[in-house]
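These are my notes on the model shown here. They start from a single residue and work outward to the fold as a whole.

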Amino acid sequence: MTEQPQFTITRVFDAPRELVWRAWTEHADVAEWWHPRGVSIKPGSIDVDARVGGRYRYTMVAPDGTEYPTAGVYRELDAPRRLVMTWGSPGDADAAAPVITVTLRELPGDRTEMLFHLLGIDAAPGDENVYDGWASAFEVLDEHLAGASAHAAPVAPTAPAAGAVR
């Protein structure tokens, strides 16, 4: 029995967990960062249906014009804690596609630890391919979250429910 190829990247973001979750599941947020630095998303190529069984798709465009269409299906959504989705090319069999699991943990000070695990691809830092591509995308995500956090409305404290003990 051989171990399946896989890798993990852990990042801490200076943003509340709900914002990080939204970055993974909302069309407008995905468009801002689902690509490494220097790569863009082809206009009109993003479709996000973030629900169990829903599909997503997008096309990255490299500086030389090469297009990288990407698609998958959402397998699990436990907002805002855990997201599981396949990750491959359009037309790939979902059962054979690599699987991404994102686990988000709240940290003090409105910070979030993200554990990104990709099962089905062997990658490592310095590979100038999948690992480095995701690591770069997470740098873009960090910048996106910093902007989103700066524009987020402050959350008003909630009053205790009637009959609640302080």
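1. Thr-112 is buried, with a relative accessible area of 0%; buried means under 20%, exposed over 50% and partly exposed in between, with a 1.4 Å probe and protein chains only. Thr-112 belongs to strand S8. A polar atom of its side chain lies 2.7 Å from the backbone oxygen of Ala-15. Leaving out residues up to four places away in sequence, Thr-112 touches Arg-11, Val-12, Phe-13, Ala-15, Pro-16, Arg-17, Val-20, Leu-104, Arg-105 and Leu-107, where a contact means heavy atoms within 4.5 Å.

2. On provenance: this is a predicted model, in which local features need pLDDT of at least 70 and side-chain atom pairs count only at pLDDT 80 or more, while totals for chains, interfaces and linings use all residues. Residues are numbered from 1 along each chain as its sequence is written, and side-chain values use heavy atoms, with hydrogens and water left out.

3. The protein has three helices and eight strands, in the order β-α-α-β-β-β-β-β-β-β-α along the sequence. Helices (H or I, at least four residues) and strands (E, at least two) are DSSP runs, numbered from the N terminus. Of the 166 residues, 40% count as buried.

4. Helix H1 (residues 17-25) has seven of its nine residues buried. They are Arg-17, Leu-19, Val-20, Trp-21, Ala-23, Trp-24 and Thr-25.

5. The largest nonpolar core (buried Ala, Val, Leu, Ile, Met, Phe, Trp, Tyr and Cys joined through side-chain atoms within 4.5 Å) holds 40 residues, of which Phe-7, Trp-24, Trp-33, Phe-116, Trp-134 and Phe-138 touch the most other members. Helix H3 (130-151) is among the elements giving two or more residues to this core, and H3 gives the most, with nine. Trp-24 has contacts that include Trp-33, Phe-116, Trp-134 and Phe-138.

6. Which residues lie closest to the centre of the largest pocket? They are Met-60, Tyr-68, Trp-87, Asn-129 and Val-130, out of 24 lining residues. H3 supplies the largest share of the lining, six residues. A pocket is an open set of points on a 1 Å grid over the protein atoms alone where a 1.4 Å probe fits, with protein on both sides within 12 Å along at least five of seven lines; lining residues have an atom within 4 Å of a point.

Methods:
Polar contact = N/O pair within 3.5 Å; in protein donor to acceptor, adjacent residues only side chain to side chain.
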